[in-house]
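Work through the following exercises with the structure open beside you, and try each task before you read its solution.

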Amino acid sequence: MPIISEKGLKMPASPIRKLVPYAEDAKKRGVNVIHLNIGQPDIKTPQVALDAVKNNTLEILEYSRSEGSEEYRTKLAEYYKKRDIDINPSEIIITTGGSEALMFTMGSITDPGDEIIIPEPFYANYNGFATASGVNVVPVVSKIDDNFALPPIEDFEKLITPKTKAIIICNPGNPTGYLYSREEIKKLAAIVKKHDLFLIADEVYREFAYDGAEHYSILQEEGLENNAIVVDSVSKRYSMCGARIGCMISRNKEIINTALKFAQARLSPPSFALIASEAALDTPQSYFDEVIEEYVERRDLLITELNKIEGVTVAKPQGAFYCIVKLPVENTDDFAQWLLEEFNLNGETVMVAPAAGFYSTPGIGYDQVRIAYVLKKENLVKAVTIIKEALKKYNA
Ligand SMILES: Cc1ncc(COP(=O)(O)O)c(C=O)c1O
């Protein structure tokens, strides 16, 4: 029997998807499963994007340029300019989702054995991308009691070694919903400059900033030209997760030239998705205003309802569409499985993402779950009622 790689063995399974077989079994038993576990928005994709694909007259689905077409990158640069981010098209590489931008970034800046510092809890797939590159994730704990604000900068500095290559942040955060302030970004900028590190910001939730707060991109910060790499995506912005288009942006030419070689190796991003993504840039501001209003209403309702449950603590998100919820149970892996295997309220149950998988420090996050508020308000209220009744039974 040929033997698979050490790396393959080490690849972590997604904490979001590992409960899927239990959910499938529940559905087979006739139980309706309300999915709070996955960031698939129920928001409609902008009509301009759908129409562009429907109405196109392409006769050959050719390869596009490895870095994405000039037209799309030019239009994308205009999108960023409107958001006070001054970049030019040659500083952008179009990728197959933000996921590929993360892989190209890791591939371009790390060697096996290097280290990347990440505030936790973090988007669980960073673990997978790091493992694929042979990189060690070094976590800095951020706390639910601080709403998951940036941990003290000294906590980062203590962890910097000759192997450290970068700090990764997700802003606004998945799974925390935390939106980093300009001051926090400035602290990170100072430390990466002092130690000659890269600062990677995953800004795929950029448009989702609430309560009048403004997203501050690391590309708006002066003096970070050599250090800053941004990962972006159309997936959440236009509810186009299935399109598989994202990008990486850097003013550091060496980074772009290196990442381009990875892009050339996979030839090009997908053509139909490029057509949809380019058209999506004409989405009117009113679309975002409506979407944001909807998410704010969902967040407020969800938090109000969760706070009514005894023993539950919720961090209030100011961005993205997730929140971390502390539950009065010892192990949310077990609780989440039990919800699917053994519990239902009038034929319905919920699927949540146990939060330990979003931490890299062993043993923490076991009393937390991540909830994605990507469902209609009535379903969120129903889901919280189910959690409340489930907790009563589980802890009886
Ligand atoms: C924080 C974050 N980064 C990146 C991604 C990858 O998204 P995609 O590859 O669909 O652009 C996701 C998807 O959920 C995410 O939540």
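**Exercise 1. Find which residues line the second largest cavity, and which elements supply them.**

Solution. Keep in mind from the start that the model is a predicted one. Begin with the residues themselves: the second largest cavity is lined by Tyr-72, Leu-76, Tyr-80, Ile-94, Asp-232, Ser-233, Val-234, Arg-237, Gly-246 and Cys-247. Next, turn to the elements, where at least two residues of this lining come from each of helix H4 (70-82), strand E7 (228-233) and strand E8 (246-249). Helix H4 has the largest share, with three residues. When the lining is sorted by class, six residues are nonpolar, two are polar and two are charged. Finally, the volume of this second largest cavity is about 40 Å³.

**Exercise 2. State how many cavities of 30 Å³ or more the structure holds, and describe the largest cavity.**

Solution. The count comes first: there are three cavities of 30 Å³ or more, and the largest cavity has a volume of about 120 Å³. Its lining is made of 16 residues, and those nearest its centre are Pro-119, Pro-121, Cys-170, Thr-176 and Tyr-180. The elements that give two or more residues to this lining are strand E3 (115-120) and strand E5 (164-170). By class, the lining of the largest cavity holds 11 nonpolar residues, four polar ones and one charged residue.

**Exercise 3. Locate the cis peptide bonds that lead into Pro-121 and Pro-175, and the place of Arg-244.**

Solution. Start with Pro-121, which is one of the residues nearest the centre of the largest cavity. A cis peptide bond joins this proline to Glu-120, with omega at about 0°, and Pro-121 itself is found in the loop between E3 and H6. Go on to Pro-175, where the peptide bond from Asn-174 is cis and omega is near 15°. Pro-175 is found in the loop between E5 and helix H8 (182-194). The last step concerns Arg-244, a residue other than glycine whose phi is positive, near 70°. Arg-244 has its place in the loop between E7 and E8.

**Exercise 4. Describe the surroundings of the ligand, beginning with the residues that come nearest.**

Solution. There are 13 residues around the ligand, and those that come nearest are Gly-98, Ser-99, Asp-202, Ser-233 and Ser-235. Divide the shell by class, and you obtain four nonpolar, six polar and three charged residues. Helix H5 (residues 97-109) provides the largest share of the shell, namely three residues.

Now consider the polar contacts, for which the N or O atoms of a pair must lie within 3.5 Å. An N or O atom in the side chain of Ser-233, a residue that also lines the second largest cavity, is 2.5 Å from an oxygen atom of the ligand. For Tyr-205, a polar side-chain atom lies 2.7 Å from an oxygen atom of the ligand. For Asn-174, whose peptide bond to Pro-175 is cis, the distance from a polar side-chain atom to an oxygen atom of the ligand is 2.8 Å. As for cover, the ligand taken alone exposes 390 Å², and the protein buries 93% of that.

**Exercise 5. Where does the ligand sit, and what lines that space?**

Solution. The space that the ligand takes is the largest pocket, in which there is about 580 Å³ of space. This pocket is lined by 26 residues, and Arg-17, Ser-99, Tyr-123, Asn-125 and Lys-236 lie nearest its centre. H5 and helix H6 (125-132) each supply at least two residues of the lining, and H5 gives the most, with four residues. By class, this lining has 11 nonpolar, 10 polar and five charged residues.

**Exercise 6. Give the volume and the lining of the second largest pocket.**

Solution. About 360 Å³ of space lies in the second largest pocket. It is lined by 16 residues, and the closest to its centre are Arg-83, Arg-206, Glu-207, Glu-214 and His-215. Helix H11 (residues 285-307) gives the most to this lining, with four residues. Sorted by class, the lining of the second largest pocket has five nonpolar, four polar and seven charged residues.

Terms used. Residues are numbered from 1 along each chain as its sequence is written. This is a predicted model: local features need pLDDT of at least 70, side-chain atom pairs count only at pLDDT 80 or more; totals for chains, interfaces and linings use all residues. Side-chain values use heavy atoms; hydrogens and water are left out. A residue is near a molecule or strand if one of its heavy atoms lies within 4 Å of it. A polar contact is a pair of N or O atoms within 3.5 Å; within protein, one must be able to donate a hydrogen and the other to accept it, and residues adjacent in sequence count only if both atoms are side-chain atoms. Accessible areas come from the Shrake-Rupley method with a 1.4 Å probe; for residues, only the protein chains shown count as cover. On a 1 Å grid over the protein atoms alone, a cavity is a set of points where a 1.4 Å probe fits but cannot get out, and a pocket is an open set with protein on both sides within 12 Å along at least five of seven lines; lining residues have an atom within 4 Å of a point. A molecule sits in a cavity or pocket if more than half of its atoms lie within 2 Å of its grid points. Ala, Val, Leu, Ile, Met, Phe, Trp, Tyr, Cys and Pro count as nonpolar, Asp, Glu, Lys and Arg as charged, and the others, Gly among them, as polar. Grid points are joined across faces, edges and corners, and a volume is the space filled by probe spheres set on the points.
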